[in-house]
Amino acid sequence: MEESGRMSPPPVARAEIVVDLAAIRHNVATLRELVSTAMMAVVKADGYGHGLTQAAGAARAGGAEWLGVATLDEALALRAAGDTGRVLCWLAVPGEDYAAAVAEDVDVTAYSIAELDEIADGVRQAGRPARLQLKIDTGLSRGGATAADWPGLVAAARAGEEAGHWRVSGIWSHFACSDEPDHPANDAQERAFRDALETAEAAGLRPEVRHLANSAAAILRPSSRFDLVRCGLASYGLDPAPGHTPDLGLVPAMTARASLAMVKSIGAGAGVSYGHTWVADRDTTVGLVPAGYGDGVLRHAGNVAEAWVAGKRRPVRGRICMDQFVVDLSGDEAAAGDEVVLFGPGHSGEPTAQDWAEACGTISYEIVTRIGGRFTRRHHDRGDPA
Ligand SMILES: *Cc1c(COP(=O)(O)O)cnc(C)c1O
């Protein structure tokens, strides 16, 4: 994906995602400095759309002692790419190949005794002990052991530790409402987590890392930082709690850009795109952007989002189609081939992923993880041309 060879002309960017690895490195270093605990950069879902291995490399360079992923396959992909540091994964289904994860020294997570049994099988196949973390459900009601099942899970994990199957390296949980810092669930979950740690301690477990905080909590709730924080979104420079997060100087790492496929004039009264949900109220010029919902440009962006063309924000007119959408250039000078920035860091005035999220009634997590399809992706670093 890196640029190579400076002799041939650059390929035409029909539609491309450009990822600034220096931004990821800077964001991780900034967060790590802020929290003064160990840092896990979360690189699941292809590094939130930024590229799993490239995001991981930049996060390591920024000081991340840990990488976090959802699936075992993501963890193994990090190992295949040469990452030898600590990696935690946390979402398996019955029958998955724990032996491979154990052999590759990945920290695996158990939510239940059934999962412990599967991990023990993997340990036997791999012929070496696992690094095991336990997840307690403190109130998200998603993964993890309930408070009722926790003492049993802890006891079984301790027995497995004594039998040499694994070392319990971590105990963790996850917030439901960390982007709403005043939500009472945050206090309740942190209390429940402390109770769960006491139960584990009483059972003889001595985890190396206790962790609860995602990006929003890491930034906004110092009491939740424990030994390690798990930062996904903020590592990519996006705001995990809009309206609450102080300015930390994080830099959005992703830019989604394209070349205008066509520019033309339309007359007052012309309906634009499927369903004619926008009708020109005056003569205008429109630009055709060659990306659509088949590329992860949310259809909800129709008539509400903006893109940057020729030095201004331009409103999306009409519906987003599968392959293309239309922006209003209002008669300004622009031509086929001109650059259109859907979103970027915002430094020049272009919309950000957060702007797209607000326009579409979603969160920036969804904007960056869904963009893809026929967009190509390249990575650059400070000193390289953007
Ligand atoms: C995705 C995820 C994170 C990262 O969350 P952000 O809000 O992006 O920081 C942390 N922990 C778990 C368990 C996750 O699933």
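1. Let's start at a small spot: A310 sits in the loop that links strand 15 to strand 16. Bear in mind as you look around that this is a predicted model. Is A310 buried, exposed or something in between? With a relative accessible area of 44%, A310 is partly exposed, since that label covers values between the 20% cut-off for buried and the 50% cut-off for exposed.

2. Which residues does A310 touch, once you leave out those up to four places away in sequence? They are E333, A334 and E339. Have a look at D332 as well: its C-alpha atom is 8.2 Å from that of A310, with the two positions 22 residues apart along the chain.

3. Now zoom out to the sheet. It is an open sheet of 9 strands, and if you walk across it you meet them in the order 11-14-17-16-15-18-10-1-19, with mixed pairing. Which strands stand at the edges? They are strand 11 (262-266) and strand 19 (376-380); each has a single partner strand, so one side of each has no neighbour in the sheet. From one strand to the next, the twist averages 35°.

4. Pick one pair inside that sheet and follow it. Strand 14 (residues 284-289) and strand 17 (residues 325-328) run antiparallel and are joined by 4 bridges. To find your place, look for L288, which stands opposite V326 in strand 17.

5. Something also lies across this sheet. Helix 10 (residues 353-360) crosses strand 15 (306-309), strand 16 (312-317), strand 17 and strand 18 (339-343). Relative to strand 18, helix 10 runs at about 70°.

6. Next, move to strand 5 (residues 107-110), which is covered on both faces. D107 and T109 are buried on one side, while V108 and A110 are buried on the other. How does strand 5 pair with strand 6 (residues 130-135), parallel or antiparallel? The pairing is parallel, over 4 bridges, and V108 stands opposite L132 in strand 6. Put helix 6 (residues 113-126) together with strand 5 and strand 6 and you have a right-handed β-α-β unit.

7. Two residues deserve a second look for their backbone angles. S36 has a phi near 45°, which is positive even though S36 is not a glycine. You'll find S36 in the loop between helix 1 (21-35) and strand 2 (38-42). S36 counts as exposed because its relative accessibility is 64%, and the cut-off for exposed is over 50%.

8. The other one is D46, again not a glycine, with a positive phi of about 55°. D46 belongs to helix 2 (residues 44-48). Its relative accessible area is 33%, so D46 is partly exposed.

9. Finally, the whole protein. Its secondary structure adds up to 11 helices and 19 strands. The C-alpha atoms fill a box of roughly 75 × 50 × 40 Å along the principal axes. Why does the radius of gyration of 24 Å agree with a compact globule? Because a compact globule of 386 residues would have a value near 21 Å.

10. A few totals to round things off. Of the 386 residues, 52% count as buried. The accessible surface is about 16200 Å², and 51% of that belongs to carbon and sulfur atoms. Among contacts between residues at least 6 apart in sequence, 67% join residues at least 24 apart.

How values were computed
Residues numbered from 1 in each chain as written. Predicted model: local features only at pLDDT ≥ 70, side-chain atom pairs only at ≥ 80, totals over all residues. Heavy atoms only, no water. Pairing = 2+ DSSP bridges. Helix = DSSP H or I, 4+ residues; strand = E, 2+ residues; numbered from the N terminus. Axes fitted to C-alpha atoms, helices over the stretch in contact; angles between N-to-C directions. Contact = heavy atoms within 4.5 Å. Rg over C-alpha atoms; globule rule 2.2 N^0.38 Å. Buried < 20%, exposed > 50% of the residue type's maximum accessible area, 1.4 Å probe, protein only. Areas by Shrake-Rupley, 256 points an atom, 1.4 Å probe, with all protein chains shown as cover. Right-handed = clockwise from strand over helix to strand, strands pointing away.
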